[in-house]
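Open the model in your viewer and keep the sequence panel visible. The stops below each give a selection to make and then what is found there.

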Amino acid sequence: MITEQQVIDALKYVDDPDLKKDLVTLGMIKDVKVVGKQVSFTVVLTTPACPMKDMIQNACINAVKHYVDKEAVVNVTMSSNVTQAKQNKDALAGVRNIIAIASGKGGVGKSTVASNLAVALAKQGARVGLIDADIYGPSIPIMFDVLNEKPATQQIDGKNRMIPVESYGVKLLSIGFFADPSQAIIWRGPMATKALNQLCFDALWGDLDYLFIDLPPGTGDIPMSLAASVPLTGAVIVTTPQQVALSDARKGAAMFKHEHINIPLLGVIENMAWFTPAELPNNKYFIFGKGGAQQLADEFNIPLLAQIPIIQSICEAGDAGSPVALQTDTLQALTFMDAAKKLAQTIAIKNANEIAVTA
Ligand SMILES: Nc1ncnc2c1ncn2[C@@H]1O[C@H](COP(=O)(O)OP(=O)(O)OP(=O)(O)O)[C@@H](O)[C@H]1O
Ligand SMILES: [Mg+2]
């Protein structure tokens with residue numbers, strides 16, 4: 001006779017490799033049921049995009065067979081409940097994590113990275129939103145093929161609330177939906193900050209696991225006040241390996257660490273890391289240099305979350321309004337999927353550590 005308690009005791013031998021505690025202590029095991037040799041339970045992970053998902057599932061099955069009964073038929077359901085960053089518990093209660101995608105230099109691929117990370121996480125089953133805060137040239141509406149859409153509004157408690165436009169499972173709001181792009185250059189910091197605040201706080205986001213903010217380039221007033229005005233879980237710095245991009249990215253990273261801003265850096269994403277021609281898939285040409293993003297990550301003691309090569313289809317798919325992360329099993333889709341998993345993992349660890357500190 002297998003008992004539920006035996007199953008739970010066996011699962012105490014399975015650790016979450018990131019959170020470094022066992023699944024039972026972490027409260028991740030739910031709905032344990034035993035009927036004869038049939039054992040079933042649910043593992044509630046801290047993100048649906050957990051890179052260790054299969055490994056944890058196998059470890060659970062092995063633990064029950066090893067410690068309880070080698071003939072047990074183990075059925076594990078993997079589910080998730082994304083943890084909430086402490087920063088936005090009050091400000092935006094339904095939104096669990098807000099992540100800024102930033103760079104010092106323009107044109108390094110922030111919008112491309114932001115849109116593909118968002119799509120990749122939505123594909124994994126996460127509830128995802130994306131705010132395009134780039135007043136200089138909002139590109140998210142193009143990348144999501146919603147250029148001509150206008151968000152509807154709904155009156156709630158006498159206040160007009162925007163309803164985000166949805167595309168590929170991602171809820172979107174862009175300054176581009178409201179502003180005439182040719183007017184953007186005359187915007188000043190306070191106007192941009194006010195607009196971003198409205199996109200963030202006056203919209204009906206509903207429950208979101210991850211809300212990305214695609215920031216405008218630079219380290220001037222605008223990105224700085226934008227970054228300070230919303231309760232960010234953290235920022236991801238996008239850079240190319242080129243020296244000028246790296247030195248601007250370093251300034252961008254330092255801006256977040258500034259004592260008055262003090263926003264955690266979640267990691268670096270190196271975009272345009274190398275070029276591999278389609279006809280020579282084993283060759284890598286380091287057109288913009290090599291190793292710089294790793295160096296930047298080391299300097300700030302943060303992970304290098306991904307290295308994304310230059311691939312023609314990444315550019316073409318962006319222009320065509322269908323991010324490459326939507327594809328199945330192509331190199332470019334898998335690269336963004338891995339990057340998204342790494343980011344989700346970093347956020348889960350950060351939130352767990354904060355809970356541990358405040359508990
Ligand atoms: N890995 C890549 N491979 C090929 N093309 C890319 C890649 N990343 C970005 N691009 C292309 O480079 C251009 C700039 O990218 P993107 O618009 O994402 O940069 P950005 O940092 O958001 O720019 P801005 O500072 O203007 O907001 C786009 O045409 C995009 O399609
Ligand atoms: Mg952009």
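Select the contact between the two domains to begin: 8 residues of domain 1 are in contact with 11 residues of domain 2, where contact means heavy atoms within 4.5 Å. Domain 1 covers 4-80 and domain 2 covers 90-358, with bounds from an automatic or database domain assignment. This is a predicted model, in which local features need pLDDT of at least 70 and side-chain atom pairs count only at pLDDT 80 or more, while totals for chains, interfaces and linings use all residues. Residues are numbered from 1 along each chain as its sequence is written, chains are lettered from A and ligands numbered from 1 in the order in which they are written, and side-chain values use heavy atoms, with hydrogens and water left out.

Stay at this interface. The two domains bury about 810 Å² between them, 66% of it on carbon and sulfur atoms; buried area is the accessible area (1.4 Å probe) that two parts lose on being put together, summed over both. Colour P48, A49 and P51, which supply 50% of the area that domain 1 buries against domain 2, more than any other three residues. The rule finds 0 salt bridges across this interface, a salt bridge being a side-chain nitrogen of Lys or Arg within 4 Å of a carboxyl oxygen of Asp or Glu. It does find 2 residue pairs in polar contact there, both at pLDDT 80 or more. A polar contact is a pair of N or O atoms within 3.5 Å; within protein, one must be able to donate a hydrogen and the other to accept it, and residues adjacent in sequence count only if both atoms are side-chain atoms. Zoom out, and the C-alpha centres of domain 1 and domain 2 lie 34 Å apart.

Next, select F212 and F256. They have the most contacts inside the largest nonpolar core, which has 88 residues. Such a core is a set of buried Ala, Val, Leu, Ile, Met, Phe, Trp, Tyr and Cys residues joined through side-chain atoms within 4.5 Å, and buried means under 20% relative accessible area, exposed over 50%, and partly exposed in between (1.4 Å probe, protein chains only). Helix 3 (residues 110-123) gives the largest share of this core, 8 residues; helices (H or I, at least four residues) and strands (E, at least two) are DSSP runs, numbered from the N terminus. Beyond four places in sequence, F256 touches residues including A102, L215, L232, I237 and I263. Another core, of 23 residues, lies apart from the one just shown, and among its members are V14, V32, A63 and A72.

Move to V43, in strand 4 (residues 38-45). V43 is buried, at 0% relative accessible area. Among the residues V43 touches, beyond four places in sequence, are L23, I29, I56, C60 and V76.

Now pick K37 and D69. Their salt bridge has its closest N and O atoms 2.5 Å apart. K37 is in the loop between strand 3 (29-35) and strand 4, and D69 in the loop between helix 2 (53-67) and strand 5 (73-80), so the pair ties together parts 32 residues apart in sequence. K37 is partly exposed at 40%, whereas D69 is buried at 16%. Add E71 to the selection: K37, D69 and E71 are linked in a network of salt bridges.

Which residues does D132 contact, leaving aside neighbours within four places in sequence? Among them are P138, I140, L173, I175 and D214. D132 lies in strand 7 (residues 128-132) and is buried, with a relative accessible area of 0%. Measure from its side chain: a polar atom there lies 3.2 Å from the backbone nitrogen of I140.

Two loop residues come next. Most residues other than glycine have a negative phi. N301, not a glycine, has a positive phi of about 55°; N301 sits between helix 8 (292-300) and strand 15 (304-310) and is exposed at 72%. D329 also has a positive phi, near 65°, and is exposed at 66%.

Finish with E354 and K350, whose side chains meet in a salt bridge (2.8 Å, N to O). Being 4 residues apart in helix 10, E354 and K350 are separated by about one helical turn. E354 is buried, and so is K350.
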